[in-house]
Amino acid sequence: MTITKQLYSTNSFDLSLIVPAYNEKSNLEKLASLLKLHSKKFPTKTELIIVDDGSSDGTVNYKFPNISPIEVVQITNPVRLGKSDSILAGYANARGRHIAILDADLYDCLPLIITQYNILDSGYSITYTPF
């Protein structure tokens, strides 16, 4: 999981959280539950970008509940392109001042993303957590 500072963008959001997803419907349901639990700890202007990579398990049809203040954006690759291209699609659509990438099955790392965001917001340019 990595959070980087986006240098050239119209920064409508403080944080863009990109989640590449291939056959991750059950994990997205868990992610939604944890986002609800931690939503007050996220910046008030946060977007969650789910990039479906041609899933066959209904991931593309999963509708996130309203998780204020998080705005959910769902993108679908026309065919299976792989994780890297899904992340790039998320970057291409991200509007955040900072960007985080989170695997759908690492949803329990949300508190760490909040910590990393706070570090960035205090003046650092990049944070990284190896998994």
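## Fold overview

The protein chain holds 3 helices and 6 strands. The model is predicted. From one end of the sequence to the other, the elements follow the order β-β-α-β-β-α-β-α-β.

Contacts tie distant parts of the sequence together. Among contacts in the protein chain with a separation of 6 or more, 81% are between residues 24 or more positions apart.

## Size and surface

The C-alpha trace spans about 40 × 30 × 30 Å along its principal axes. The radius of gyration of the protein chain is 14 Å. A compact globule of 131 residues would have a value near 14 Å, so the two agree.

Burial takes in 48% of the 131 residues. The exposed surface of the protein chain comes to about 6,700 Å². Carbon and sulfur atoms supply 52% of that area.

Charge is spread over 12 positive and 13 negative side chains. The centres of these two sets lie 6 Å apart.

## Strand β2 and its partners

Strand β2 covers residues 13-21. How many of its 9 residues are buried? The count is 9 of 9, and the strand is mostly covered.

β2 pairs with strand β3, residues 46-52. The two run in the parallel sense, over 7 bridges. Within this pairing, Pro20 has Val51 of β3 as its bridge partner.

β2 also pairs with strand β5, residues 96-101. This pairing is parallel too, and 5 bridges join the strands. Two residue pairs help to locate it. Ser16 stands opposite Ile99 in β5. Ile18 stands opposite Ile101 in β5.

Why is β5 described as largely enclosed by the rest of the structure? Buried means under 20% relative accessible area. In β5, 5 of the 6 residues are buried, so the strand is largely enclosed.

## Leaving β2: Asn23

The loop between β2 and α1 contains Asn23. Helix α1 itself covers residues 25-38. Asn23 is not a glycine, yet its phi is positive, at about 50°.

Is Asn23 buried or partly exposed? Its relative accessible area is 29%. The partly exposed class runs between the buried limit of 20% and the exposed limit of 50%. Asn23 therefore counts as partly exposed.

## A cis peptide bond before Pro69

Which peptide bond is cis? The bond from Ser68 to Pro69 is, with omega near 10°. Pro69 sits in the loop between β3 and β4. Strand β4 covers residues 70-76.

## Asp85 in helix α2

Helix α2 spans residues 83-93, and Asp85 is found in this helix. With a relative accessible area of 37%, Asp85 is partly exposed.

How far is Asp85 from Lys41? In sequence, the two are 44 residues apart. In space, the C-alpha to C-alpha distance is 29 Å.

## Summary of the picture

β2 is mostly covered, with 9 of its 9 residues buried. It has parallel pairings with β3 over 7 bridges and with β5 over 5 bridges. Asn23 has a positive phi in the loop between β2 and α1. The cis bond leads into Pro69, in the loop between β3 and β4. Asp85 is a partly exposed residue of helix α2.

Note on methods
Residues numbered from 1 in each chain as written. Predicted model: local features only at pLDDT ≥ 70, side-chain atom pairs only at ≥ 80, totals over all residues. Heavy atoms only, no water. Helix = DSSP H or I, 4+ residues; strand = E, 2+ residues; numbered from the N terminus. Rg over C-alpha atoms; globule rule 2.2 N^0.38 Å. Buried < 20%, exposed > 50% of the residue type's maximum accessible area, 1.4 Å probe, protein only. Contact = heavy atoms within 4.5 Å. Areas by Shrake-Rupley, 256 points an atom, 1.4 Å probe, with all protein chains shown as cover. Lys, Arg positive; Asp, Glu negative; His and termini not counted. Charge placed at Lys NZ, Arg CZ, Asp CG, Glu CD. Pairing = 2+ DSSP bridges.
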